[in-house]
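Please open the structure in your viewer and keep the selection tool at hand. The tour below proceeds stop by stop, stating at each one what to select and what is found there.

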Amino acid sequence: MMSARARSFPTVKTSWILVAHRTLEQFTQGCNPFAQTGRSKLQNKRASLNQQIIKQMRMRAGAENLLKATSNNKVKEMVLLELSYVNANLQLLMGQLEGLNSSVEVYQNTQETANIPLIALGLKETKEVDFSTPFKDFILDHYSEDGNSFEDEIADLMDLRQACRTPSRNEAGVELFAKYYSHLPLMESRFFSPNRQTGIFFTWYDSFTGVPVCQQNLSLEKASILFNMAALYSQIGTRSNRQTIVGLEEAISSFQKAAGILNHLKETFTHTPSYDMSPAMLSMLIRMMLAQAQECLFEKTALPGIRNQFYSLMKMAQEAAKVSETYDQVHQSMIQTPIKDNVPLFWSTMSQVKTNHYRSMAHYFVASALLDHQLGPSDDEDQQEKTLSQVYDRLPEGRSPLDILKNKEERERIGKAHIRRAILGHEEALRIYGLCHHLNKLEVLEDILKASHQRSLNKYSESDSEEEFTDYTEAPDIISKTEHKAEMEVPATTKVKVTDFFQRLGPLSVFSAKQRWTAPRTIRLCPEDRDLGFTLKGESPVQVVSLDPLCPAAADGLKEGDYIVAVGDTDCKWSSVSEVMRLLKDVDEEGIDIQVVSMMESNPPMPTKSATFCGNLPKTYSMICLAYDDDDKNPKSRKVTKKSSFLSWGLKNKLKSASTLSLPTADHSGALPWNKPCPTFPSSSSYNNDSSLY
């Protein structure tokens, strides 16, 4: 292809200038980044922690490389001491990040005083990206057009991305993410060629560990936007007013949509090098979103009031058992390796508390049904027997559902056994609640747990008698069942129809980054007997076919298969055959100049390699972002030198290093609970570097 300086630009009057772009207000509806709301303060703290973490990781990388390079024992001792200090700081910062992920009270509805708090996902943080210089250079080199004429379009795209960093917590914020996500495939087709690198680095921080992940392709950008879209839906769900049916329906829908987006992310982007978007972590998050949706479904059923009738109480018992079962599955996934090392203790403790709380509620409802509603002459004996048999998966030996219903003493004995299990479950929930200092901040949760425990104690005291002190009947387990199961829902707003910012470059089917063509050539058309010597075909842009090799146009350089991009001063990239023929119809003997391009064979794609950091996590983490400072705004200075630097992560070293010391540290707000080991921050020398290329 011709050099950029040797190319000439057609002076055309494009019709696209007359087409007004959407105003910025239509897609930059992000929140004010300086607004001091609780949620914005939380995100600012997260961004600050991410910067501190990457600073400590740079220091550790340099110390580890120095340790490998030196043979001086005294220097080694000093470096080991420095490493222990840096690792201690990293563990402390990770504990503070866990505290931010545990700050659920910020996301709750301000009027919420009677419901157990729900967990919302925090938004992933990212660095600013400057598209200006790389896109202008690419437009000049690849499309043979003046990149400076696209400054407004590039600015619009950058404003849209910047707005996505501070979305409003409503459907407008979700739509903002959806618009940018829909623009990404268009941007990828326009500017991300398989044959060259753009020099643009997309950096996103892991929401659980704070480790930065950096890539030059758009896969990470797309996956992170989807993750933030799901996180925003979870925040909308937690903010909903769960004291109303409308609010509960909004919460249910939001959590189901969050689960659907996370599942779409899991199935679409299977190799995203970020721990928070690994398949194991996404599976856990999907379960948690569905569990919270199921909890809201239970609250919706109970909101009008629970009728004090046998069938209603049994139904609510199975509904509560279903919520308990879903949270138990969430807790089991949270304590599996490798999730347990990085999931906030608050999350796993909360799921365990809810598992015991709702299981105890199920036993309380069954106890109330058996103790307060004796089988009377007017009751449907067969229906009650059928209902009771569906509640239990097994019964004590020698007992049948009909025996329990007809025998008053047996009915009371089983009922008291259920109330004892309810009391024990509530006590276990309160005990687990006391183990997590983050949970201790939620006074609403403590009040609900204590009130439920006291209600079970009151029920037990109503039917307690001294002669039954030695009764050790064990209450059977309750089968979970629900009439409304929480299901994943992929929102229609995941992709919206948008107008390509760079449509002036031409139809994307032809004028894309993967296609190559010559620089525009000027051809002089002089008709002979009103015959131009060729015909046109195709959609926009039109293509030259059936070219007469002896016509003047062919002699001037026109070739079979050329695309006409301009006729005179009129841009024709988007013109149809009839529109181009109309422009050429009345050409006089003096002729007219047209601009044409010829398609060229594409070069084989470049191998997609990226240097990544491999730590104590199942996924790799890109450390390209460690090679340049945040204040360095020159894209050309951000290139990683091929020579191993002091900050190199030792990609060529195949040996494991035992240079990193990990010392136990105290959490920023107190000692960690005894049953939660202090997580070791991922070390760059923990694994062989065979997997360093993602």
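Begin at the surface of this predicted model. Select E528, D529, D531 and D548, which together form a negative surface patch. Within that patch, E528 belongs to the loop that runs between strand 4 (521-525) and strand 5 (535-537). E528 counts as partly exposed because its relative accessibility is 47%.

**The whole protein**

Now display the entire chain. The protein has 694 residues, of which 52% count as buried. Its secondary structure consists of 16 helices and 12 strands. The exposed area is about 31800 Å², and carbon and sulfur atoms supply 51% of that area. Among contacts with a separation of 6 or more, 80% are between residues 24 or more positions apart.

**Two helix positions**

Select Q51, which is placed in helix 1 (residues 38-69). Q51 is classed as partly exposed, since its relative accessibility is 30%. Add G210 to the selection: the C-alpha atoms of Q51 and G210 are separated by 8.6 Å, although the two residues are 159 residues apart along the chain.

Move next to E77, in helix 2. Is E77 buried or exposed? With a relative accessibility of 57%, E77 counts as exposed. Its C-alpha atom is separated by 9.2 Å from that of L67, and these two residues are 10 residues apart along the chain.

**Salt bridges**

Side chains of opposite charge can pair when their charged atoms come close. A search of the whole structure finds 25 salt bridges, and several of them can be visited in turn.

Select D276 and K124. These residues form a salt bridge in which the closest N and O atoms are 2.8 Å apart. The pair links distant parts of the chain, 152 residues apart: D276 is in the loop between helix 7 (245-268) and helix 8 (279-302), while K124 is in the loop between helix 2 (73-101) and helix 3 (132-143). Both D276 and K124 are buried.

Continue with E250 and R239, whose side chains meet in a salt bridge with an N to O distance of 3.2 Å. E250 lies in helix 7 and R239 in helix 6 (residues 219-239), with their positions 11 residues apart in the chain numbering. E250 is partly exposed, at a relative accessible area of 31%. R239 is likewise partly exposed, at 25%.

The next pair is K354 and E295, a salt bridge whose closest N and O atoms are 2.9 Å apart. Here K354 comes from helix 10 (residues 345-372) and E295 from helix 8, and the two are 59 residues apart. Are these residues buried or exposed? K354 is buried, because its relative accessible area is 1% and buried means under 20%. E295 is also buried, with a relative accessible area of 0%.

To end this section, select E145, D571 and K573 together. These residues are linked in a network of salt bridges.

**Backbone features**

Select T337 and P338, and show the backbone. The peptide bond from T337 to P338 is cis, with omega near 5°. P338 is found in the loop between helix 9 (310-334) and helix 10.

Then select S540 and P541, where the peptide bond is cis, with omega near -5°. P541 sits in the loop between strand 5 and strand 6 (543-545).

Keep S540 and P541 displayed and add S575. Which residues does S575 touch, not counting those up to four places away in sequence? They are E539, S540, P541, V542 and V580. S575 itself lies in the loop between strand 8 (570-571) and helix 16 (577-585). S575 is buried, with a relative accessible area of 11%.

Two serines complete the tour. Select S144, in the loop between helix 3 and helix 4 (151-163). Phi of S144 is near 60°, a positive value in a residue other than glycine. S144 counts as buried, at 1% relative accessibility.

Finally, select S546, found in the loop between strand 6 and helix 15 (552-555). For S546, phi is near 50°, again a positive value in a residue other than glycine. S546 counts as exposed, since its relative accessibility is 52%.

Notes
Residues are numbered from 1 along each chain as its sequence is written. This is a predicted model: local features need pLDDT of at least 70, side-chain atom pairs count only at pLDDT 80 or more; totals for chains, interfaces and linings use all residues. Side-chain values use heavy atoms; hydrogens and water are left out. Patches are made of residues with over 30% relative accessible area and no salt bridge: like charges are joined within 9 Å, nonpolar side chains (Val, Leu, Ile, Met, Phe, Trp, Tyr) within 5 Å. Accessible areas come from the Shrake-Rupley method with a 1.4 Å probe; for residues, only the protein chains shown count as cover. A salt bridge is a side-chain nitrogen of Lys or Arg within 4 Å of a carboxyl oxygen of Asp or Glu. Lys and Arg count as positive and Asp and Glu as negative; His and the chain ends are not counted. The place of a charge is taken as NZ of Lys, CZ of Arg, CG of Asp or CD of Glu. Helices (H or I, at least four residues) and strands (E, at least two) are DSSP runs, numbered from the N terminus. Buried means under 20% relative accessible area, exposed over 50%, partly exposed in between (1.4 Å probe, protein chains only). Contact means heavy atoms within 4.5 Å.
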